[in-house]
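Thank you all for making time this morning. I would like to take you through one structure, beginning with a detail of its strands and then working outwards to the chain as a whole.

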Amino acid sequence: MKPNVKELTETAVIFEDGSRVEDIDVLLFATGYNFSFPFLEEDVLKINNNHAPLYKFVFPPHLEKPTLAVIGLLQPLGAIMPIAELQTRWATQVFKGLLKLPSADDMMADIAKKIKENEKRYVPSQHITLQVQYIDHVDELASLLGVKPNLPFLFLTDPKLALEVCRSDLSKH
């Protein structure tokens, strides 16, 4: 990744930071995108520099009651649909009152922790606050819902499936 282009020559690109790349055949502009929710009041969900302060990438933490869930506003290193399904299942349980969210302070602390982890893990980018590690995030959502597989029990009831789950879990490390 490079900063903005300052100048193009016949065979080189000069960037705003003064760096230069020679012998360029093709230049691909991947400018990204900005997201917003113009239909929501800013006191409901305020987007600042492509950062949406959402608890577990779903709930605005400062609402008096959890009446809004944002589904799919993240960048997993893996498939988004299984995560969106878990987000939806969790939001439904919260809306029905079957699961409770922590305090606003605890949710904000979790959001800040995730941002710091991402700053250590990823190259700085416009959407760093949206990035998640796929397996870790799916496990986290599944735990919140109470649907994360219990491996010791799984070894007793379906050893073949348990071994497969262990293999996929080990491959992430």
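If you look at strand S2, which covers residues 13–15, you will see that it pairs with S3 in the antiparallel sense, over 2 bridges. Please keep in mind throughout that this is a predicted model. One of the residues to pick out here is Ile14, whose bridge partner in S3 is Arg20. Stepping back a little, this pairing belongs to an open sheet of 3 strands, in the order S1-S2-S3, with antiparallel pairing. Strand S1, at 5–8, and strand S3, at 20–21, stand at the edges with a single partner strand each, so one side of each is left without a neighbour in the sheet.

Let me turn now to helix H2, residues 104–121, where Asn118 is found. Is Asn118 buried or exposed? Its relative accessibility is 5%, and because the cut-off for buried is under 20%, Asn118 counts as buried. Once we leave aside the neighbours within four places in sequence, Asn118 is in contact with Ile128, Thr129 and Gln131.

Lys114 is also a residue of helix H2, and here the relative accessible area is 15%, so that Lys114 too is buried. Which residues does Lys114 touch, not counting those up to four places away in sequence? They are Lys56, Phe57 and Glu140. As for Gln131, which we met as a contact of Asn118, its C-alpha lies 9.3 Å from that of Lys114, with the two positions 17 residues apart in sequence.

Finally, the chain as a whole. The protein chain has 5 helices and 5 strands, and from the N terminus on the elements run β-β-β-β-α-α-β-α-α-α. The radius of gyration is 21 Å, well over the 16 Å that the globule rule gives for 173 residues, so the chain is more spread out than a compact globule. Along the principal axes, its C-alpha trace spans about 65 × 45 × 25 Å.

Of the 173 residues, 28% are buried, and among the contacts with a separation of 6 or more, 50% come from residues 24 or more positions apart. The accessible surface comes to about 11,700 Å², with 55% of it belonging to carbon and sulfur atoms. On the charges, there are 18 positive and 23 negative side chains, and the centres of the two sets lie 8 Å apart.

Definitions and conventions: Residues are numbered from 1 along each chain as its sequence is written. This is a predicted model: local features need pLDDT of at least 70, side-chain atom pairs count only at pLDDT 80 or more; totals for chains, interfaces and linings use all residues. Side-chain values use heavy atoms; hydrogens and water are left out. Helices (H or I, at least four residues) and strands (E, at least two) are DSSP runs, numbered from the N terminus. The radius of gyration is taken over C-alpha atoms; the globule rule is 2.2 Å times the number of residues to the power 0.38. Buried means under 20% relative accessible area, exposed over 50%, partly exposed in between (1.4 Å probe, protein chains only). Contact means heavy atoms within 4.5 Å. Accessible areas come from the Shrake-Rupley method with a 1.4 Å probe; for residues, only the protein chains shown count as cover. Lys and Arg count as positive and Asp and Glu as negative; His and the chain ends are not counted. The place of a charge is taken as NZ of Lys, CZ of Arg, CG of Asp or CD of Glu. Two strands pair if DSSP finds at least two bridges between them.
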